[in-house]
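This report describes how the parts of one predicted model fit together. Please look at the structure below before reading on.

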Amino acid sequence: MMRARVPLLLLLGILFLASLSVSFGIVHREHHESREEVSVLSGKNNPFYFNSDRWFRTLYRNELGRIRVLQRFDQRSKQMQNLENYRVVEFKSKPNTLLLPHHADADFLLVVLNGTAVLTLVNPDGRDSYILEQGHAQKIPAGTIFFLVNPDDNENLRIIKLAVPVNNPHRFQDFFLSSTEAQQSYLQGFSKNILEASFDSDIKEINRVLFGEEGQQQQGEESQQEGVFVELKREQIQELTKHAKSSSKKSLSSEDEPFNLRNQKPIYSNKFGKLYEITPEKNPQLKDLDVFLSSVDMKEGSLLLPHYNSKAMVILVINEGKANIELVGLREQEQQQQEQQEEMLEVQRYRAKVSKHDVFVIPAAYPVAINATSNLNFFAFGINAENNQRNFLAGEKDNVISEIPTEVLDLAFPAPGEKVEKLIEKQTGSHFVDAQPEEQQREEGPKGRKVHFVY
Amino acid sequence: MMRARVPLLLLLGILFLASLSVSFGIVHREHHESREEVSVLSGKNNPFYFNSDRWFRTLYRNELGRIRVLQRFDQRSKQMQNLENYRVVEFKSKPNTLLLPHHADADFLLVVLNGTAVLTLVNPDGRDSYILEQGHAQKIPAGTIFFLVNPDDNENLRIIKLAVPVNNPHRFQDFFLSSTEAQQSYLQGFSKNILEASFDSDIKEINRVLFGEEGQQQQGEESQQEGVFVELKREQIQELTKHAKSSSKKSLSSEDEPFNLRNQKPIYSNKFGKLYEITPEKNPQLKDLDVFLSSVDMKEGSLLLPHYNSKAMVILVINEGKANIELVGLREQEQQQQEQQEEMLEVQRYRAKVSKHDVFVIPAAYPVAINATSNLNFFAFGINAENNQRNFLAGEKDNVISEIPTEVLDLAFPAPGEKVEKLIEKQTGSHFVDAQPEEQQREEGPKGRKVHFVY
Amino acid sequence: MMRARVPLLLLLGILFLASLSVSFGIVHREHHESREEVSVLSGKNNPFYFNSDRWFRTLYRNELGRIRVLQRFDQRSKQMQNLENYRVVEFKSKPNTLLLPHHADADFLLVVLNGTAVLTLVNPDGRDSYILEQGHAQKIPAGTIFFLVNPDDNENLRIIKLAVPVNNPHRFQDFFLSSTEAQQSYLQGFSKNILEASFDSDIKEINRVLFGEEGQQQQGEESQQEGVFVELKREQIQELTKHAKSSSKKSLSSEDEPFNLRNQKPIYSNKFGKLYEITPEKNPQLKDLDVFLSSVDMKEGSLLLPHYNSKAMVILVINEGKANIELVGLREQEQQQQEQQEEMLEVQRYRAKVSKHDVFVIPAAYPVAINATSNLNFFAFGINAENNQRNFLAGEKDNVISEIPTEVLDLAFPAPGEKVEKLIEKQTGSHFVDAQPEEQQREEGPKGRKVHFVY
């Protein structure tokens, strides 16, 4: 007994130290030739970066498809506490497949990242089918039964959903009609008596038709599906697709129908990149959720200039390619106090090398810059979007710093106001620029190969 | 000292085990002839069932009446977390009584379950009195002083209130003007100086008129009331009732006046049952609270067919009779993981035998069926009600399953699509049906007595 | 090892007792000649009273100014839980100073308490400057860069801000463009590569112009500012003020411009005091935040009669003078149960002697009276303000008790209804009255000096 106590105290001590190192992360400091050093959080210590391999939990999976849900935002950092009512769900299915009909206790905003989907929404008074392609979006109201077909013969379908649960801030459940080897039909939850009265039939008949009986599989007919994704034959796809409406020519604001993020003019566009966006003001489904949607294409070696969103919290989902993201916040007061009271308030750089399927969160008002290290495409959900404004901190257009009067620049920065203005005006590009303008000049010539900086 | 430590560790161990058994409940499993067994939670392990004897806390009580408040929903299950801002209050008073004037830091939605009430709302610019009967409802805005008369000579008055607190999500307080033996007048909270200046009178006079002095009761006059319910004489009732407006002929949408849940056509009606409902779209008081109200009558032996609400969380209050309720959810992931990773996702049946005054919560999207085991009447508050849709899973009308295309039914269920459709179409009733159609046929004859299944 | 365990257990015991005494406060009881005693919480045991010296935390401070934030409301008492999304910020600056440009992840509602401010809001498409004087208010939307000038040669500027954070319910951060000795520029958070590409310039030039290099201060030029408040010369003030719009003649409801709390008629006014108020119904900036603003002047020795707000939670900020505040709530149930079950429900007086810069919170529906013990001026933010109604409990006008019918008064109070009415009607003043009417009569004569009661 006496010996047992020492390890217990030791264990408590270790747990305490471990909790400290988890909550404060591991910090290194960077000097970059100015008088101040900067604290940097990267990799898994960067709470805004959700690596696709690490932070998703698989809900359903068979050889035909997979559904995964991202960890709760509010559990990674209090700086995202107000995202506590939002979850992100990723869906992937192989060609010629069906996701079986189900409903959930959450509103979904669904966006097609890759491939083609035939989405059918079922209501007591009828059903609607829509053909959705990359960049098409659709709200699925809580409780609506839906099923999803990937009608393509070759291409995988990849969908990302923003989920807003209704019974609990962060939890939701999928209610499937069918029993498969992966889950039970919710109809099976009712007792024999309720089922017999509801269907006016004998329980044996109900079991045979809806749930599959014990002995069935030996008989080799009418077997249960292996999972919630099932294979479709060409005729079945044709049957399920023939009444589907294509949304490609729909007007942007039709109340209940899908809308296409990319059939409008991009709001920013040049040779380095394009940004498409639909705001709540333009679409009733988005207004209802107070969400904006954007889609960004960037060329390899380009930079989305430093900027911040005035009030929206933005959830990026990387669809194709790689990028380095730098996000700037302020060091947590707890950290400050941990080290020394009355210390200078320091900025905190959060950096991440993101790639396909990763998620990154940009809190409102936090400055961010994105450098595409390959050709890049990402989608974004902006939460709390109404009247949000994107304020750029560099570049010619939409640059908020260039609107500060010279007298104030003079007082705010060490150099005279005119010199500050000259520096601000030197960048003649806007929104998207070349990430290595100096190197380009230096390296233009026989080599011609761009070298991307690596963290 | 050495001995003390062992019990401490033991105690911690026991507490740990106890917390496990509380949070996971006690589960039994039912087989009903299909290949899958179903997990069932009932009695006090069913977190959606609030037995009237167990889960109410008495706020005020004397021989003339009683006010009770239901335990917080969010403390029983995280599956009702989003009901955390709502409380349910039950009020009962004897014939010829008055509930003394008071206000509260909560909005109330009041519904008369039984008897007649004369409700008076007092504002600085006047007062309004309304005669309310069974099924009448009225919003009492936070901070409004009101008093309630039961003017009937014989019948008890029973009222249920939905409370939405304003200072705290789940707590509210009643501020009574009068001091009784049960509680103090809030005016008594002010000091002598404030009271004297406010009423421009001496404290002795104020005490004598408003609070009652120490020696009074010996003098046998002007004694303090025993509690917040007081007896009324016939003349007093006539006086208090004579300016009251009857709401029975009022239009449904008059801004501030009571509305009658049962003076419209029921939305579902047949020989087995009727469902009356007023939605936020139809009434400004309900729109303000985003609540729907319904009232249901069911005959003994009838079944409200399996269905779910698309987005509303519904709080049932049983007014008369008995019923068996089956609610279907999915087993908690913690439970799943407790037992075995990668196990099949199982459904969970929550069942309850409810009777008079019990409360039952139906989360959004959770399928439910209600079997009346005697003639039954219940009321319901639907929270998050705007655009809610009731989706039936059986029966001819409003059946969402019957809108799923045959090809999908074919893939979703073990039997061929046509057989599934045939099963779904066999039930020719809608909404309310006979709970024992088979037994009825078998037992029709000299006996004619219905046998209700018992859990 | 054996010895260490005893102090550990002792320590746990002490912590437990300490937590009890903190949560229940220290209570004394007052008898004031009626049969009931009243529980009184005052000083630091009164959770609604925030002494200026104790409950603010300094964010920035140098010899030219200071910014402080008030402790979280929800951490002091659960009775203010629904204020959890609101913070109060106090700002003070010396004459001829500038608060450097910055933005925050919070909406601000700014009110000038003393002095003159020139507020400039900067957006990518331009900037607007406004001259604000005492009682002027302006919403600063989250993410908007702003700077503040105190243009006066003599007077300090004092501002109070209500903050509504966007990323987290209670935390927000200020993002400053400049690096000073107190904090770093957020631009410094970006790496060398991002900065060079963004400004199309060499990092040495960027450091020199924006951040100040290591060797600079020795060279005696272009030195860094000492803190976020900096001194202005007369010419700089003239330059920064010349395009500023004065809001003094603006209409009340202009969408985005400052509004003046005191350029309208007061809603209550007599020789003892005046109350000015702008409600959400009258101003779009306030409607957006669901906040009312009021400003109250009271003469020494006057009383704001007992009243309560029907649904708004009110945050008072004392600007000038002193007052005694009495707030009436009900004793916490935990306290009740701590002592004895089934005890009478008791009222709880919360009293405070407030002075300059103190903050006091009045929950919705809680009765309150304010006695000015010197000439007094205070501002108030009303949260959850739409359709709020102020119900007076004494005085001629807006007195809700005077609308209760005589028959009910008769039953509610120990004296006959007519005597109660007589008492209620004795006070012929309204809203603001003399706090010592009796004493005044007694003491009128050669002395003529008012004696204020002291707690």
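## A helix pair between chains B and C

The crossing of α3(B) and α10(C) is left-handed. The first of these helices, α3, covers residues 203-211 of chain B, and its partner α10 covers residues 417-426 of chain C. Two packed helices are described by the angle between their axes and the distance between the axes. Here the angle is about 135° and the axes lie 9 Å apart. Angles over 145 degrees count as roughly antiparallel and those from 65 to 115 as roughly perpendicular, with oblique as the term for the rest; α3(B) and α10(C) are therefore oblique to each other.

Which residues of α3(B) meet α10(C)? They are B:E205, B:I206 and B:V209, and they meet C:K419, C:V420 and C:L423. By class, the contact of α3(B) with α10(C) consists of four nonpolar and two charged residues, with no polar ones.

## A helix pair between chains A and B

Helix α3 of chain A, residues 203-211, packs with helix α9 of chain B, residues 417-426. Their axes are 9 Å apart and form an angle of about 135°, and α3(A) and α9(B) are therefore oblique to each other. The crossing of α3(A) and α9(B) is left-handed.

On the side of α3(A), the residues in this contact are A:E205, A:I206 and A:V209. On the side of α9(B), they are B:K419, B:V420 and B:L423. The contact of α3(A) with α9(B) holds four nonpolar residues, two charged residues and no polar residues.

## The contacts between whole chains

The contact between chain B and chain A takes 66 residues from chain B and 65 residues from chain A. On the side of chain B that touches chain A, strand β21, residues 302-309 of chain B, gives the most, with five residues. That side of chain B has 36 nonpolar, 15 polar and 15 charged residues.

The contact between chain C and chain B takes 67 residues from each of these two chains. Strand β21 of chain C, residues 302-309, gives the most to the side of chain C that touches chain B, namely five residues. Sorted by class, this side of chain C has 37 nonpolar, 15 polar and 15 charged residues.

## How the chains are related

What turn lays chain C on chain B? A turn of 120° with a shift of 0.0 Å along the axis does this, and the RMSD is 0.0 Å. That is the relation of a three-fold axis.

Chain B can likewise be laid on chain A by a turn of 120°. In that case the shift along the axis is 0.1 Å and the RMSD is 0.0 Å.

## The two domains of chain A

Chain A is divided into domain 1, residues 49-236, and domain 2, residues 259-443. The C-alpha centres of these two domains of chain A lie 35 Å apart. The contact between them takes 24 residues from domain 1 and 25 residues from domain 2.

Several strands of chain A each supply at least two residues of the side of domain 1 that touches domain 2: β3 (49-50), β8 (106-114), β11 (136-140) and β13 (157-165). The largest share of this side, five residues, comes from β8(A). By class, the side of domain 1 of chain A that touches domain 2 has 15 nonpolar, seven polar and two charged residues.

Key: Residues numbered from 1 in each chain as written. Chains lettered and ligands numbered in written order. Predicted model: local features only at pLDDT ≥ 70, side-chain atom pairs only at ≥ 80, totals over all residues. Contact = placed C-beta atoms within 7 Å. Helix = DSSP H or I, 4+ residues; strand = E, 2+ residues; numbered from the N terminus. Nonpolar A, V, L, I, M, F, W, Y, C, P; charged D, E, K, R; others polar. Domains from an automatic or database assignment. Axes fitted to C-alpha atoms, helices over the stretch in contact; angles between N-to-C directions. Parallel < 35°, antiparallel > 145°, perpendicular 65-115°, else oblique. Left-handed = near helix turned anticlockwise from the far one by under 90°. Least-squares fit on C-alpha atoms with pLDDT ≥ 70 in both.
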